[in-house]
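Please find below my notes on this model, set out as numbered points. They take the contacts with the nucleic acid before the sheets and the helix packing.

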There are 2 protein chains.
Amino acid sequence: MKGIRQLAEHLDISIGTVSRALNGKPDVNEETRRRVLAAAEELGYVANQSGRSLRQGETKVIGLMIESSAEAVENADNFFLGVTSGLQSVFARHKLDLIMLPCPSDEDPHEYLKRIVARRIVDAMIISNMQRIDRRIDLLSRAKIPFVAVGRSLSPGNFPWIDLDFEGVADRAVERLVARGHRRIAITAPSSEVNLGYVFIESYRRALARHGIAFDPSLVIRVKSSEQGGYQAAHELLLLEERPTAVILIYELMAIGLYRRLMETGVVPGRDLAVIGFRDAPRARFLNPSLSCFRMSLYDLGVALGQTLLANVPAYRAFYPDAGRNVVWPLELMPGESDAFEIGTAKRSSSPSG
Amino acid sequence: MKGIRQLAEHLDISIGTVSRALNGKPDVNEETRRRVLAAAEELGYVANQSGRSLRQGETKVIGLMIESSAEAVENADNFFLGVTSGLQSVFARHKLDLIMLPCPSDEDPHEYLKRIVARRIVDAMIISNMQRIDRRIDLLSRAKIPFVAVGRSLSPGNFPWIDLDFEGVADRAVERLVARGHRRIAITAPSSEVNLGYVFIESYRRALARHGIAFDPSLVIRVKSSEQGGYQAAHELLLLEERPTAVILIYELMAIGLYRRLMETGVVPGRDLAVIGFRDAPRARFLNPSLSCFRMSLYDLGVALGQTLLANVPAYRAFYPDAGRNVVWPLELMPGESDAFEIGTAKRSSSPSG
DNA sequence: CCAACATTCGTAAACGTTTACGGAGTGCGT
DNA sequence: ACGCACTCCGTAAACGTTTACGAATGTTGG
């Protein structure tokens, strides 16, 4: 089956009527519509997307931009795959398809997106891995391509985003550790160039301040958010003159490497060092000791992202009247054994400067 | 910038000449070409893909179909992300873009692919997760869409594929374990409906036969290829009346769960039970004891897939004269501590029936 | 019986490109 | 002066759809 023209000839009906019948337009006889649909099914006709896109100016495709950097691969992140199913559950209602756009690791993400946008391959975009200053926001705004970002950015402009509640996590993690007597609490984070690396540490700093604990820069460990990074973090941590009694990991996967290094040196996690993780739980269940972890449902996050996005594209806005434009996504604490101990009261009452 | 028409008017040149200039056609004055390229750059013009696709009948986009099933998400597989970078390194030379097509978990993969194909969104496809009988092969062949499959299938037809060397892995794993005195060797695999689950076990069975060891069905553990599956596998393994002394895992990630369950029951991996893993190494380095593992370079595999695919696309065939059409991809053994011990010679010389 | 309207369908333009074809201009040899 | 080849460029058709417009037919109301 070639195109709508052959289908029309086969039915001995005009091409316009066939199109109207297939697209559910009102002004077509129901009997005719039935015949057309039957013939289309039989001959396996589906409208050519290029022709349709060209005429309508839309592709019915939503893009999800991801990075395929070496680090992303190493992290073996299931984040996007998890979010994908939630997104698709929303898009399916509107017969929208989702494609993932992996930005080559040797290409500038901004240039890559520019090409995708210019080629008009997608109607809307989901972007992530936000930089503190991210030109993609300006690019998409100018091109009038609706989008939603996973994560905030300092770039100007009021754009839709959903961000994880880093502030809440840092706050509650510190709170929880302090309540157990910890005063020297280390934390890991990526470079402060990515927005997350900046925000997380700032929240941590504020949380410490609220408990009257002085901020010690040497307790901020900048490593990659991977197992290897966790190993590295443990290594650096153990070299510190005054060893911390707790550590907050920005990525739960790091715990595997961290545990490994700790074991090597005879330090027992959950007894000698409290550990709190972040972002995903299934993994954490299999660690020993089990990891205390802030988790969320990737599926639900995907649904929210889909709704927020579609609330910003005119054709679907009406379906999502109360989708949030800017959402701080809450995380739930799953307590484990990795921080289930208390520091002696002697240290608890020591001076803040100690 | 709207389209080529505006660009042509701005330059006061005909639209045809602009197109020829941009596409590197020969019959255009070099000075004119320079002007056109400069103006296009300045005004940020990029050809609309729908218009181009419609005219040329090709999209310059290659699709990589992946499954976003719950299990795939849980596995947090970095397989596709890793392959992606290798693929893109090949595609970049031809200015082809790669998109990932996540099949919704509640949709039939065959129907999903049918829709994508009919819409003519991609010029070529990479499919994976092959079923023993996989209708997608017939679908793509009929639609005359070039493709390459990751994995073999029993479906008829001579199609391009690259498959991991399961036979070699089973063979060498058994060989290695037998050399260390093992006779009761368990193995894990997914359902025999997916081709891999069938082939892997058959290879294992043949390898055993070569060493005169009887095949014991109770030693084949059918569990999910995930951490949880590993936990489950260890559980079932420990319940066996005559406990095996070694186990071959089809997916290295399972080792995490397996170790966990073993520890819980006081069985020490690498001393009481030999473990050999499969597919990816970075993780394995952080296990304790370190996992003996058959590994490969995902990047190289991606490159090979890209070349084999393009060798089947007429326009690019000439670039890849000696790309293999059917490749059995070799894996390299990275020895670890998890199987670095020998079984006592007493058992070694026991009767085959024992 | 005619106007007004509803229903159903065909016609043709438009979307943005690429490309076959031919025309205009130039230079060259005869 | 003429034909020829060559270089460069404009014209228009084609790709497969959707959709505004109007035509044809049947129906209703006065």
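1. A polar contact is here a pair of N or O atoms within 3.5 Å; within protein, one atom must be able to donate a hydrogen and the other to accept it, and residues adjacent in sequence count only if both atoms are side-chain atoms. By that criterion, a polar side-chain atom of Arg20(B) lies 3.4 Å from a base nitrogen of DNA strand C, and an N or O atom in the side chain of Arg20(B) is also placed 3.0 Å from a base oxygen of DNA strand D.

2. On conventions, this is a predicted model, in which local features need pLDDT of at least 70 and side-chain atom pairs count only at pLDDT 80 or more, while totals for chains, interfaces and linings use all residues. Residues are numbered from 1 along each chain as its sequence is written, chains are lettered from A and ligands numbered from 1 in the order in which they are written, and side-chain values use heavy atoms, with hydrogens and water left out.

3. DNA strand C is surrounded by 26 residues (a residue is near a strand if one of its heavy atoms lies within 4 Å of it), and the closest are Thr32(A), Ile4(B), Ser19(B), Lys25(B) and Arg55(B). Of the atoms of DNA strand C that come within 4 Å of the protein, 60% are accounted for by sugar and phosphate. One phosphate oxygen of this strand is 2.8 Å from a side-chain N or O atom of Ser14(A), whereas Arg20(A) has a polar side-chain atom 3.0 Å from a base nitrogen.

4. DNA strand D also has 26 residues around it, of which Ile4(A), Ser19(A), Lys25(A), Arg55(A) and Thr32(B) come nearest. Sugar or phosphate supplies 59% of the atoms of DNA strand D within 4 Å of the protein, and bases supply the rest. Base oxygens of this strand are approached by a polar side-chain atom of Arg55(A), at 2.3 Å, and by a backbone N or O atom of Arg55(B), at 3.2 Å.

5. Which helices supply at least two residues each of the surface near DNA strand C? They are H2 (15–22) and H4 (49–56) of chain A together with H2 (15–22) and H4 (49–56) of chain B, where helices (H or I, at least four residues) and strands (E, at least two) are DSSP runs numbered from the N terminus. The surface near DNA strand C has seven nonpolar, 12 polar and seven charged residues, with Ala, Val, Leu, Ile, Met, Phe, Trp, Tyr, Cys and Pro counted as nonpolar, Asp, Glu, Lys and Arg as charged, and the others, Gly among them, as polar.

6. In chain B, strand E9 (residues 274–278) pairs with strand E10 (residues 292–295) in the parallel sense over three bridges, pairing being assigned if DSSP finds at least two bridges between two strands. Within this pair, Ser292(B) of E10(B) is the bridge partner of Ile276(B). E10(B) is also joined by three bridges to strand E12 (residues 332–334) of chain B, the two running antiparallel, and here Phe294(B) stands opposite Leu333(B).

7. Chain A contains an open sheet of six strands in the order E7-E6-E8-E9-E10-E12, with mixed pairing. E7 (220–222) and E12 (332–334) of chain A stand at the edges with a single partner strand each, so one side of each is left without a neighbour in the sheet.
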